[in-house]
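Please open the model in your viewer and keep the sequence at hand. The tour below goes from one selection to the next and says what is found at each stop.

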Amino acid sequence: MIESNPPLLHHYGTLVRNPSNLVQVDQQRHIGGLVQAEECQLPLIDLHGLKSPDTRESLECARAICRASSEWGFFQVLNHGISPELLHSMRREQLKLFAAPFERKATCGLLNNSYRWGTPTATRPTQYSWSEAFHIPVTKISEEACYGEDFGSLRGVMEEFAAAMSNLAKLLAGILANNLGHRKESLEDICDLSTCFLRLNRYPACPISPEMFGLVPHTDSDFLTILCQDQVGGLQLMKDSKWVAVKPNPDALIVNIGDLFQAWSNDVYKSVEHKVMANEKMERYSIAYFMCPSYDSLIGSCSSTSPESSSVYRKFTFREYRNQIQQDVQKLGHKVGLSRFLLQ
């Protein structure tokens, strides 16, 4: 039988068998989910309100987006403009892609050779993610060479899906920028389609769940992320110093603030730590769109109510931020993030 799953258990086993990691395994059993996380309902915002002829209703919808970004760092959106038919087509193509033999996914250069699995840099069990993914630059999606002979139908669907997610990201980012006293164009000038990404995720069923992360705790290193997930669940976020589980909503997309938006807003908006827990019996699928700036765009506190003298972070470029993350992961085994760029 041809195997489509990556050798996650074998790779994880080599980490566990390292005697120096036995304490880490015990810690992961506690952190990973043996203590049941309380289920939460994220703020749910109907974007239809933005189109209302009633100015009060449209303003309240915009305020709800900004309030959720400040208080939660996460929210859900309904009537987001991406049709159920397109979401269904994208999910169908995603299932087909991940059902391909592991060796083909790993060696045939699919989707700009963007396939990855597990956590190659992990030296301890607590750093390991039980998942596989394709992480493709949006600008590469239209290239025919990325799809091979068997995945031609994926190309058109991904192009349409990425364009729809990009439009939604620009809409939401514009509202958030306007709330800071800036034109939405000020953020569009910074963000660049060439550095935006689409990530297709699969979290295989995990025989050693619930102690395993599908995706280790982290914050997103972008401006804004939009997530389309299935109904299996597993996403958790940090709220009031404790992990809470996000209840899936079949009609909603999830939006979360990234590190760069937190820095650009001078901490008005919050980039919140989140993770995915593996499921013992069911595989989970999701697709994330990452809105990012050009690599040399300068990220500085942009709130008109926060002059340079009161900025929380020094100015830095996206390239500098990415390089710092890579250095920290190599040296420490994990991302440090925005605290590297604090002025005080």
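Begin by selecting the strands of this predicted model, where eight of them form an open sheet with mixed pairing, in the order S2-S3-S11-S8-S13-S6-S5-S4. At its edges are strand S2 (44-46) and strand S4 (115-117), each of which pairs on one side only, and from one strand to the next the twist averages 25°.

Within that sheet, select strand S6 (residues 197-203) together with strand S13 (residues 284-291), which pair in the antiparallel sense over seven bridges; Tyr-203, for instance, has Arg-284 in S13 as its bridge partner.

Next, add the helices that lie on the sheet. H3 packs against it by touching S2, strand S3 (74-78) and strand S11 (253-257), and its direction makes about 155° with that of S2. Helix H4 (residues 84-98) lies across strand S5 (132-137), S6, strand S8 (224-229) and S13, and runs at about 110° to S13.

Now keep helix H3 (residues 55-71) and show helix H7 (residues 152-179) beside it: their axes come within 10 Å and cross at roughly 80°, so H3 is roughly perpendicular to H7. Which residues of H3 meet H7? They are Ala-62, Ile-65, Cys-66 and Ser-69, and on the H7 side they meet Leu-172, Ile-175, Leu-176 and Asn-179. By class, this contact of H3 with H7 has six nonpolar, two polar and no charged residues.

Finally, colour the protein by pLDDT, which averages 90, with 91% of the residues scoring at least 70. Over residues 28-33, however, pLDDT stays under 50, and the model has 17 contacts beyond four places in sequence for them. Where pLDDT is low, the predicted coordinates should not be read in detail.

Note on methods
Residues numbered from 1 in each chain as written. Predicted model: local features only at pLDDT ≥ 70, side-chain atom pairs only at ≥ 80, totals over all residues. Heavy atoms only, no water. Axes fitted to C-alpha atoms, helices over the stretch in contact; angles between N-to-C directions. Helix = DSSP H or I, 4+ residues; strand = E, 2+ residues; numbered from the N terminus. Parallel < 35°, antiparallel > 145°, perpendicular 65-115°, else oblique. Contact = heavy atoms within 4.5 Å. Nonpolar A, V, L, I, M, F, W, Y, C, P; charged D, E, K, R; others polar. pLDDT = per-residue confidence, 0-100. Pairing = 2+ DSSP bridges.
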